[in-house]
Amino acid sequence: MAKRKVEDIVAMVEGHYEATEPLRQRMDFDHQVYRLEPYDAGDGYQSYTSNEAQTYADKIIAWLTSADLIVRIPPNGNPRNSREVNNDKERFLIGALRAGDDRLCMKIMPSLQSQLAWYIALRGWYAGRALLVKTDNEDTYVDITPWDPMHTYWGTDSEGLAWACYKVKKTKAEIESQYNVHLGDLKGIENGIEVYDFYDREDNFVAVPHRFIKKRTRHGHDGVPVFVGPVGSSPLVQSLEWSSIEDTVGDFGESVYKSTRKLYEKHNFMMSAMLELVARSRRQGLKIRSRDGTKVLDEDPYKEGTEISLAQGEDVEPLGLLEMARESGAYMGMVSGEMQRGSIPHSVYGELPFQLSGFAINTLKQGVETVLFPRVLAMEKAYRQICNLLSDQYVSKRFKAFELSGRDNNRMYFAEKITPSRVKDGGDVNVSVVARLPQDDMSKYSMAQIAREGPTPLMPDLWIRDNILGVQDADQTEDSIKEQIAERTLPEAATWSLYQASLKQGREDLAELYLGELTAMLLSKAQMLRDTLGGGGMPQAPPGGLPPMPLGAPPPMPGGPPMSGGPPMPGGPPMPMVGGPPPMPPPGVMPPAMAGVPPPIPVPQGGPVVPPGQPRPGALGEQERLRRIGLIGPGG
């Protein structure tokens, strides 16, 4: 590709600005609406500026900012090892997005999701760059920088995005500090110097008019490392008249004010008129009669206790109150209704003038989705482009593996060094932005429960967790559930968990009790198994007893010395135990058999042996015993 000159870049940017000027003017006007530019009803009249435009946009921005970002590669029936590779790629992208947010935070800027939410809602577009950057010592960091779409310029060809440029104004001091250059004495820079940050499919360079301030640098991506796109489903169309194409480009990528931007001015006009009437009710106009018509009042007649001196023939009286037209209320209701239909209903803000049914609430919720979901889809597109840009750069063999950390969508923390080969072998990423609306969580859990009920579930658990609940790593969730079931199913496992928890909390007295109980349970089960298989009696400890073991050490199982951490089975080699052998109890709680103490000698029965059912010699009969305690009379 031929080397570009500064003049070429300026000409390309100016050409794109002329082609999209109506679009950028609309963006600037929408920003004025959002900033609540004061409405001017005219000199001498009360003016009212409604906050409807700002609160509406802030509600959409808040939903997008607080939405859950789920980066997933669907399993689609892949084997377990393939799903583990996909999970590694998911963690790489989650960690890269977090690293990009950390870098924005250090630059005292909002997070990536917050900035994208603002631009998508108010500009109707999103734009920015996504780069993996090498430092001088070959380390790698993530640079994800959103751009203001109103100052972003681009060009396309048959292969897609061909170039992109971000043009903003900066002061001379900012430029010299950021790019380590000396601009010298410049004239006409009171309003700032235009800086062109230009990217094509090979290089990146930064320029000001007539000179480069950053030399040509390879950005490490096979395409243009820039993401840009519009909001909504409206394409770029042309009208019948070619000369009016400038009018249609302004509709390409709309903001949240698409249907309401012209209504706010009418709403402010009506509210200003009402405010004027309210103000006049407090200070009505006065009609003053005098002989020559030049009399004025030196005192304010509306203050309490004011006295007015009048000559003969002079008089002061109020003009009377003005009333709004009879149709004003109906007109205001129509405008308010159109504003709600074009934005979101007032019930979202908690304004319920009367009780609503569940059906009515769900119907209002659908009105929210109409405005919100096009912005959600735009944010998903932006994140998908960012993830693809970062993945393509990482697998290009230009960057070494580096460690990333974060929390996946299962709220599990990770800190891993994921190699480019693992990212390359992963599947295509799917990004979901889940905006939390009322009753969303309950409906998802209810749907998931219905899908797995009955003897023959409608869907397998893996599909339910992946598609209904949106769990990122369904295999990890499945393993966690099975581990929980394993802990609660066997009494020995539950006792072992209580023993470990007591140790962690410093309750060694409780730990010794549970350790003794666990030892007794294991010995009893081993004896039952030995009796079932026809084995001998309980094993005897070596002379002198077993050596004392520290608290928390696993006790040996009966039947021989443990091998590979497990007790031996009768007639065969010992079985391995997962996690090591069970702990050895302290001597104070050992059963007598484990401590080498022989079983006690049975004590013989005292007195003669008599047949069953007969009292022993010398024993009192039942009636005699009851008679002595007064329950049977002498003649009973």
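This briefing covers the sheets, one helix and the nonpolar cores of the structure above. The model is predicted. One open sheet has 5 strands in the order 4-5-6-7-8, and another has 3 strands in the order 3-2-9. The largest nonpolar core holds 63 residues, and a second, separate core holds 15.

**The sheet of 5 strands**

- Pairing in the 4-5-6-7-8 sheet is antiparallel.
- Strand 4 (152-157) and strand 8 (211-218) are the edge strands, and each pairs on one side only.
- From one strand to the next, the twist averages 15 degrees.
- Strand 4 and strand 5 run antiparallel and are joined by 6 bridges. Within this pair, Gly155 has Trp163 in strand 5 as its bridge partner.
- Helix 6 (residues 172-179) packs on the sheet. Helix 6 touches strand 5, strand 6, strand 7 and strand 8. The direction of helix 6 makes about 125 degrees with that of strand 5.

**Strand 6 and its partners**

- Strand 6 spans residues 193-199, and 6 of its 7 residues are buried. Strand 6 is therefore largely enclosed by the rest of the structure.
- On one pairing, strand 6 meets strand 5 (residues 160-170) in the antiparallel sense over 7 bridges. Here Ile193 in strand 6 stands opposite Lys170.
- Strand 6 also pairs with strand 7 (residues 203-208), again antiparallel, over 4 bridges. Asp197 has Val206 in strand 7 as its bridge partner.
- Strand 6 and strand 7 make a hairpin, with 3 residues between them.

**The sheet of 3 strands**

- The 3-2-9 sheet is open, and its pairing is antiparallel.
- Strand 3 (140-146) and strand 9 (226-230) stand at the edges. Each has a single partner strand, so one side of each is left without a neighbour in the sheet.
- Neighbouring strands of the 3-2-9 sheet are turned by 15 degrees against each other on average, direction ignored.
- Strand 2 (residues 125-134) pairs with strand 9 in the antiparallel sense over 5 bridges. One bridge links Ala127 to Val228 in strand 9.

**Helix 3**

- Helix 3 covers residues 52-65, which makes 14 residues.
- From first C-alpha to last, helix 3 reaches 20 Å. That is close to the 20 Å expected at 1.5 Å a residue.
- The buried residues of helix 3 are Glu52, Ala53, Tyr56, Ala57, Ile60, Ile61, Trp63 and Leu64.
- Seen down the helix axis, these buried residues fall within an arc of 160 degrees, so they line one face of helix 3.

**Nonpolar cores**

- In soluble globular proteins, nonpolar side chains tend to be buried together.
- In the largest core here, Ile60, Leu116 and Tyr257 touch the most other members.
- Helix 10 (residues 358-394) gives this core its largest share, 13 residues.
- Ile60 is one of the buried residues of helix 3. Leaving aside neighbours within four places in sequence, Ile60 is in contact with Ala121, Val256, Ile344, Val371 and Leu372.
- The second core is separate from the largest one. Its 15 residues include Leu23, Trp125, Trp154 and Tyr166.

Terms used. Residues numbered from 1 in each chain as written. Predicted model: local features only at pLDDT ≥ 70, side-chain atom pairs only at ≥ 80, totals over all residues. Heavy atoms only, no water. Pairing = 2+ DSSP bridges. Helix = DSSP H or I, 4+ residues; strand = E, 2+ residues; numbered from the N terminus. Axes fitted to C-alpha atoms, helices over the stretch in contact; angles between N-to-C directions. Core = buried A, V, L, I, M, F, W, Y, C linked by side-chain atoms within 4.5 Å. Buried < 20%, exposed > 50% of the residue type's maximum accessible area, 1.4 Å probe, protein only. Contact = heavy atoms within 4.5 Å. Expected span 1.5 Å × (residues − 1). Arc of directions from axis to C-beta.
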